[in-house]
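Please open the model in your viewer and keep the selection panel at hand. The tour below moves from stop to stop, saying at each one what to select and what is there.

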Amino acid sequence: MSGASGDLSHRVRDWAESGVPLLTGHADGPPLIPPGSAATVARRQTDRIAAATGGRVRLDGARLLSERAAFTGFGRGGSTSAGGHCRLLPTADGWAAVSCARPDDPVLLGALVCREVGDDPSPDVSSWLRTHTGAELAERAELLGVAAGPVAPVETTTPQPLQPRPVNGLRVVDFSALWAGPLCAHILGLAGAHVIKVETPTRPDGARRGNPDFYRLLHAGHESVVLDPGDRERRSALADLVASADIVIEASRPRALAGFGLDAEGFAESGGTWISITAHGRASNRIGFGDDIAACAGLVAHTDDGTPVFVGDAIADPLTGLTAAVLAMSAPADGSGKLWDVAMSSVVAATLDPASVTEPIDEARILAPSRRETTGEAPPSGRDTDAVLARLRRQSV
């Protein structure tokens, strides 16, 4: 019994120091200690990063879980996510998380509920969900490419790191966007890797439209390349850039990568490390964002009346970014390559303990989200395209 009590105290302390409780609960209610041990797991990951880098990179994983809110000023919103783009809504057989973050999401959600909706589709979606099950929602959401699904237990198998290896001097090609992948790339950059961020002309990183200081924190010191895979010459350059990499980070479904002519399996077979970050695994076509993924994996807190509320701010993103960085800093002992299938929902689900519950805590014991000092500048989109391609040509001669 004393061991269990000690574990609980440790878990609560890590949550209280993470800043996440101030983002969990209703705005007019008390902050809540979430269930599970994500803050403890995050600290374990940054301990691994410190060990793999010989102490060069020392971060507090628990604090990173709430860091974006320190830049944006987000607060707890109860059944509406801190960023305001996701809602928890009752279904015919439980609860679901539904995101509306992209410009075309209202139209897609209208197709989901089979009616025309306005700029705020929540009333129509809420009405539809009350007469449909979570399974029905998941099926239609996957078909339409909507970030939504039931709050339910998911598969918790997550990849485990192999033998630690230094990444100082390695080339990282980062195709990811938003938070999880860029956090992984940011950490690798802190460890001495050379990071090249790749975007396409039609799909720049949506985080560029977010808080500029937070974007700068994650991308300072990196190079920025813009390549159009629809252009034959640029597509060839894209293939050459990937072939030159030691580590590739991406957050696309496999069929999208195939459309760009990118072969994750072949890259790993040739000795490289490929970090594939998806909402629910490479075998799934479901999409998701940090808030709906975490909630759908079961990471929600509950108020006194049993109503579920969001935990933190898109918490699946930083938790996955830390996990991906640890995996990138490891490799098979025989020097071969590795394709890491990092499912964000599984990363979250692995932190949950059925025995843990939502707990209130004295707000005086809770630390507020904090921001690290930002040094350097993030490059404008495409700034380094010509220089990087010229360097590739010289190296191929």
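What is the volume of the largest cavity? In this predicted model, the largest cavity has a volume of about 80 Å³, and a search of the whole structure finds 1 cavity of 30 Å³ or more. To see its walls, select H85, C86, R87, L89, V98, S99, C100, L109, P121, S122 and V125, which line the largest cavity. If you then colour by secondary structure, you can pick out β2 (86-90), β3 and α6, each of which supplies at least two residues of that lining, with β2 giving the most, namely 3 residues.

**From β3 to R102**

Select R102 next, in the loop between β3 (95-99) and α5, and show its side chain. Is R102 buried, partly exposed or exposed? R102 is partly exposed, because its relative accessible area is 28% and the partly exposed class runs between 20% and 50%. Two polar partners can be displayed here: the side chain of D105, joined to the side chain of R102 by a polar contact of 2.7 Å, and the backbone oxygen of G145, which the side chain of R102 reaches at 2.7 Å. Leaving out residues up to four places away in sequence, R102 touches L108, G145, V146, I287 and F289. Add G206 to the selection as well, since R102 and G206 are 104 residues apart in sequence and yet 9.4 Å apart in space, C-alpha to C-alpha.

**Two loop residues with positive phi**

Most residues other than glycine have a negative phi. Select C114, in the loop between α5 (105-113) and α6 (122-129), where phi is near 60°, a positive value in a residue other than glycine. C114 is exposed, because its relative accessible area of 60% is over the 50% cut-off. Then move to L178, found in the loop between β6 (171-174) and α8 (180-190), whose phi is near 70° and therefore also positive in a residue other than glycine. L178 is partly exposed, with a relative accessible area of 40%.

**Strand β9 and its neighbours**

Now select residues 247-250, which form strand β9, and show the side chains. I247 and I249 point one way from the strand while V248 and E250 point the other way, and all of these are buried. On one pairing, β6 and β9 run in the parallel sense over 3 bridges, and V173 has V248 as its bridge partner in β9. On another, 4 bridges join β9 to strand β10 (residues 273-278), which also runs parallel to β9, and here V248 stands opposite W274.

Keep E250 selected, because at 0% relative accessibility E250 counts as buried. What does the side chain of E250 reach with its polar atoms? A polar contact of 2.7 Å joins the side chains of E250 and W274, and a polar atom of the E250 side chain lies 2.9 Å from the backbone nitrogen of S252. Beyond its neighbours within four places in sequence, E250 is in contact with F175, S176, L257, W274, I275, S276, I277 and R282.

**The nonpolar cores**

Which residues have the most contacts inside the largest nonpolar core? That core has 65 residues, and those with the most contacts inside it are I187, L188, I247, I249 and I275. Highlight helix α14 (residues 316-328) too, as the largest share of this core, 8 residues, comes from that helix. Apart from this core lies another, of 20 residues, among them L257, A264, L389 and L392. To look around a single member of the largest core, select L188, which, leaving aside neighbours within four places in sequence, is in contact with V167, V172, A193, I247, I249, A325, A328 and M329.

**Last stop: helix α9**

Finish with residues 212-219, helix α9, whose buried residues are F214, Y215, L217, L218 and H219. What covers these buried residues includes α4 (67-72), α8 and β7 (194-199), and all three can be shown around the helix. At the start of α9, a side-chain oxygen of N211 reaches to within 3.0 Å of the backbone nitrogen of D213. Just after α9, G221 takes a positive phi of about 85°.

Conventions
Residues are numbered from 1 along each chain as its sequence is written. Side-chain values use heavy atoms; hydrogens and water are left out. Buried means under 20% relative accessible area, exposed over 50%, partly exposed in between (1.4 Å probe, protein chains only). A nonpolar core is a set of buried Ala, Val, Leu, Ile, Met, Phe, Trp, Tyr and Cys residues joined through side-chain atoms within 4.5 Å. Contact means heavy atoms within 4.5 Å. A polar contact is a pair of N or O atoms within 3.5 Å; within protein, one must be able to donate a hydrogen and the other to accept it, and residues adjacent in sequence count only if both atoms are side-chain atoms. Two strands pair if DSSP finds at least two bridges between them. On a 1 Å grid over the protein atoms alone, a cavity is a set of points where a 1.4 Å probe fits but cannot get out, and a pocket is an open set with protein on both sides within 12 Å along at least five of seven lines; lining residues have an atom within 4 Å of a point. Grid points are joined across faces, edges and corners, and a volume is the space filled by probe spheres set on the points.
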